[in-house]
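Q: I should like to learn how to read the features of a protein model one at a time. Could the general idea be given before each case?

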Amino acid sequence: MPHSSRRAVITIATAVVTLVTVSACDDGSDTGKSAPPAAVKVAGVTVKKDQALHDTLPSVIKKSGTVRVATDVPYAPFEMFVSEGGKEITGLDYDLGQAIGAKLGVNFDFTPQKFDGIVPALQAGKFDAAMSAITDNKDRQKVVDFVDYSQSGSGILVAKGNPKKITTLTDLCGSPVGVQAATNQLKLLTETQADCIAAGKPKIAISTFPKDSDAQLALRSGKVVADVLTKPAAGWTAKTADDGKAFELVEDSKAPGGYNASPNGIAVSKKLPELTEAIQKALQALIDDGTAAKIFDKYGVASIAVKEATRNAAVD
């Protein structure tokens with residue numbers, strides 16, 4: 001998404017999700033003290049160590065057996081706590097990190113860190129990498145390197161069955177649409193008004209709400225025909241609300257990552273270029289064998305996954 005922070009301010013329902021199953025009892029919280037598991041089972045796939053990839057890791061990572069990963073929790077579906085008030089982490093980033101770690105033969109040890117402190121912590125050497133739906137932009141590239149794994153933009157959430165047959169933004173012209181105030185999604189809808197006029201259609205009747213959960217309530221009651229929010233949040237909400245029976249995510253083939261999508265990347269310390277390369281190769285292997293697609297699909301956002309693990313792909 002085209003903003004300096006990876007987050008628009010959104011509120012969605014908190015869900016309890018089952019952690020990936022690993023073949024070791026330790027949860028990895030004691031960094032460097034537990035041997036990497038022989039295999040990790042995630043999204044129904046067993047991921048095993050690739051010795052050739054392991055050999056490309058920096059010596060310091062091979063010696064410790066651990067990649068220290070910063071993440072800001074919660075930000076569903078990318079990172080969540082397994083239970084409210086608990087400390088165990090799950091989510092798309094966590095699952096993908098465990099799969100990459102298993103492929104490399106090391107632990108990916110996730111530790112909560114406030115978002116605005118993630119990059120400084122990487123620079124200070126507190127962490128080796130970060131997975132937190134971080135927007136890859138050129139400003140951040142000055143101090144960290146990115147391995148890009150998804151595209152994240154705005155999405156359209158509609159009632160289950162899509163009764164208004166909405167397929168793209170201009171299908172919202174002339175209809176009441178909900179959106180959280182002061183977000184990039186509100187800006188997107190405002191900019192779309194010109195497209196409505198150009199198409200000879202009435203403007204969108206935009207209704208703003210303090211929280212996205214309020215927009216969802218308006219959608220449930222029929223006061224609006226759609227809710228525009230970040231596509232990952234829309235996909236997760238569609239998958240989890242009322243066990244997937246309440247909402248549906250609109251998939252626009254011209255905007256698979258969402259509208260105005262920007263790349264999300266795994267941030268890696270510039271002091272560890274070999275780690276960046278190893279993560280990129282491990283991610284590509286998971287893309288090629290279909291594991292990555294299954295992880296994204298587990299969280300209702302298969303369409304935001306990239307087909308190629310690029311590096312520093314920001315275009316801003």
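A: Let us start with a single aromatic residue. In this predicted model, Tyr75 has a relative accessibility of 8%, so Tyr75 counts as buried.

Q: With which residue does Tyr75 form an aromatic pair, and what is the geometry of that pair?

A: Aromatic pairs are read from two values, the distance between ring centres and the angle between ring planes. Tyr75 pairs with Phe78; the centres are 6.1 Å apart and the planes differ by 10°, a stacked arrangement. Phe78 has a relative accessibility of 2% and therefore also counts as buried.

Q: How many aromatic pairs does the whole structure hold?

A: The search returns three aromatic pairs. Another of them joins Trp236 and Tyr299, with ring centres 5.4 Å apart and planes at 35°, so this pair is tilted. The reasoning needs a cut-off here: planes under 30 degrees apart count as stacked and those over 60 as edge-to-face, so an angle between these limits is called tilted.

Q: Which parts of the chain does the pair of Trp236 and Tyr299 tie together?

A: Trp236 belongs to helix α8, whereas Tyr299 lies in the segment after α10 (291-298), so the pair ties together parts 63 residues apart in sequence. Trp236 is buried, at 4% relative accessibility, and Tyr299 is buried too, at 0%.

Q: What is the wider setting of these elements: how many helices and strands are there?

A: The chain has ten helices and 14 strands. Of its 316 residues, 54% count as buried. Contacts can also be sorted by separation in sequence: among those with a separation of 6 or more, 76% are between residues 24 or more positions apart. The accessible surface of the chain is about 13700 Å², and carbon and sulfur atoms account for 52% of that area.

Q: How should one read the buried residues of a helix, and which residues are buried in α7?

A: An α-helix has 3.6 residues a turn, so residues three or four places apart point the same way. In helix α7 (residues 212-221), the buried residues are Asp212, Ala215, Gln216, Ala218 and Leu219. They cover an arc of only 160° around the axis, which puts them on the same side of α7.

Q: What covers the buried residues of α7, and which residue follows the helix?

A: The cover includes the strands β9 (144-159), β10 (176-180), β11 (205-209), β12 (226-230) and β13 (247-249), together with helix α8 (231-240). Gly222 follows α7 and has a positive phi, near 85°.

Q: Is β9 mostly covered or mostly open, and which strands does it join?

A: For a strand, one reads the burial of its residues and then the bridges to its partners. β9 is mostly covered, with 14 of its 16 residues buried. Nine bridges connect β9 with β14 (residues 259-269), and the two strands run antiparallel; within this pairing, Val144 has Ser269 as its bridge partner. β9 is also antiparallel to β12, through four bridges, with Gly155 opposite Leu229. Three bridges join β9 to β13, again antiparallel, and there Val158 stands opposite Glu248.

Q: What does one look for in a loop residue such as Ser175?

A: One looks at its burial and its contacts. Ser175 is in the loop between β9 and β10, and it counts as buried because its relative accessibility is 18%, the limit being under 20%. Beyond its neighbours within four places in sequence, Ser175 is in contact with Lys203, Ile204, Ala205 and Val225.

Q: How many salt bridges are found, and where do the partners lie?

A: The search of the whole structure finds seven salt bridges. One of them joins Lys231 and Glu251, at 2.7 Å from N to O. This pair links distant parts of the chain, with Lys231 in helix α8 and Glu251 in the loop between β13 and β14, 20 residues apart. Lys231 is buried at 2% relative accessibility, whereas Glu251 is partly exposed at 43%.

A second example joins Glu277 and Lys281, whose closest N and O atoms are 3.2 Å apart. These two residues are four residues apart in helix α9 (residues 273-288), so about one helical turn separates them. Glu277 is partly exposed, at 36%, and Lys281 is partly exposed, at 42%. In a further salt bridge, Lys142 and Asp139 have their closest N and O atoms 3.8 Å apart, and both residues are exposed.

Terms used:
Residues are numbered from 1 along each chain as its sequence is written. This is a predicted model: local features need pLDDT of at least 70, side-chain atom pairs count only at pLDDT 80 or more; totals for chains, interfaces and linings use all residues. Side-chain values use heavy atoms; hydrogens and water are left out. Buried means under 20% relative accessible area, exposed over 50%, partly exposed in between (1.4 Å probe, protein chains only). Contact means heavy atoms within 4.5 Å. Accessible areas come from the Shrake-Rupley method with a 1.4 Å probe; for residues, only the protein chains shown count as cover. The arc is that of the directions from the helix axis to the C-beta atoms. Rings of Phe, Tyr and Trp (its six-membered ring) pair if their centres lie within 6.5 Å; planes under 30 degrees apart count as stacked, over 60 as edge-to-face and the rest as tilted. Two strands pair if DSSP finds at least two bridges between them. A salt bridge is a side-chain nitrogen of Lys or Arg within 4 Å of a carboxyl oxygen of Asp or Glu.
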